[in-house]
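Reader: I would like a close look at a single part of this protein, the place where its nonpolar side chains come together, and at whatever leads on from there. Please take me through it step by step.

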Amino acid sequence: MEAKLHKASEVKDEDKLYRYNGVLYPSIVCPEDHLKALDGFQAREDDMLLVAYPKCGFNWVVALMRKIITVSTGVKMDVKMPPLMEFFGPNALKDVVQAPSPRFLGTHLHPDIIPPSFYEKKTKMLVVFRNPKDTVVSYFHFSNNNPVLPDTTWDSFYSSFMAGDVAWGSYFEHVLAWEKKLNDPNVMLVTYEELKQDLRSSVRQISEFFSFSLTDDQVQQISDEGTFAAMKDSAAASHGVMKNVFFRKGEIGDWKNHFTAEQSQKMDEAFNKHLSGTRLGTKLNYDRYCQ
């Protein structure tokens, strides 16, 4: 990661994002050869795939999953930067191919771009979403504080987000694509807000989804150690100097400190246009968290 951060200091902001098949990606950590290398990636039935649109809680749930796996199996997970497949590249993917089962993998990729073998093998996928107003605020700060992404102003980033012109594409397109997969028994969806409101129940549901057996005491232990605040405190081991970039506030409702009335109204209109009446839209509880 240090090498990538050094490289980022030498790259102009306008060159930090590029388009691949119409979608923007960060050129430094996710170049084209990384994405091409995923085309033939072979998933396994017992893989565990964590999927989240950027800044919807991916890093938090990575840490939770590692705790669940370690407590359940007694095997300590390797604590490294997030296990995003699109960050691996051809050489690192060779190690993933040879890694023993079960493998814990992650991605920000749109569900239609995820390697098809994950669907063919009926791999279990845990999908995390967050209300769009807090997502765009978190994403804005992440972009400004992360050297591999371009600096921007709030108004500019908000406009780009609404147009889907941010890394990994449109939030709304991601939500709508996962809406179509909610009947798949191998897909479980959890929201950031659910994790914040009742972490214990979420830990129980996630562990059961991946067929891990936990006692009530173990669930409580993981929940106590797995709050956002606790994860941020321990993030130096997994994220080093980037811990405050990946773990910022973790609050619900921080959008109120950034949105103008007009921006809030436009987001409301976009949500109603794309997600009103959908099951995933209902699960996001927009009226409660975004009004």
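Author: Of the 57 residues in the largest nonpolar core, those that touch the most other members are Tyr25, Phe118, Phe129, Tyr139, Phe161, Tyr171 and Trp178; a nonpolar core here is a set of buried Ala, Val, Leu, Ile, Met, Phe, Trp, Tyr and Cys residues joined through side-chain atoms within 4.5 Å, and buried means under 20% relative accessible area, exposed over 50% and partly exposed in between, with a 1.4 Å probe and protein chains only. The largest share of this core, 5 residues, comes from helix H6 (residues 132–145), where helices (H or I, at least four residues) and strands (E, at least two) are DSSP runs numbered from the N terminus.

This is a predicted model, in which local features need pLDDT of at least 70 and side-chain atom pairs count only at pLDDT 80 or more, while totals for chains, interfaces and linings use all residues. Residues are numbered from 1 along each chain as its sequence is written, and side-chain values use heavy atoms, with hydrogens and water left out.

Phe161 deserves a second look: leaving aside its neighbours within four places in sequence, Phe161 is in contact (heavy atoms within 4.5 Å) with Tyr53, Pro132, Thr135, Val136, Tyr139, Val166, Tyr171 and Met267. Apart from this core lies another, of 28 residues, among them Val61, Leu126, Phe210 and Ile222.

Phe161 also leads to a helix pair, since the axes of helix H7 (residues 154–163) and helix H15 (residues 261–275) come within 12 Å and cross at roughly 10°; the axes are lines fitted to C-alpha atoms over the stretch in contact, and angles run from 0 to 180 degrees between N-to-C directions. H7 and H15 are therefore roughly parallel to each other, a term for angles under 35 degrees. The contact is made by Trp154, Asp155, Tyr158, Phe161 and Met162 of H7, together with Gln263, Lys266, Met267 and Ala270 of H15.

Val61, named in the other core, belongs to the buried residues of H3, which also include Phe58, Trp60, Leu64 and Arg66. The 16 residues of helix H3 (residues 58–73) should span 22 Å at 1.5 Å a residue, and the end C-alpha atoms of H3 are 22 Å apart, which agrees; the expected span is 1.5 Å times one less than the number of residues. After H3 comes Gly74, whose phi is positive, near 80°.

Note on methods
Parallel < 35°, antiparallel > 145°, perpendicular 65-115°, else oblique.
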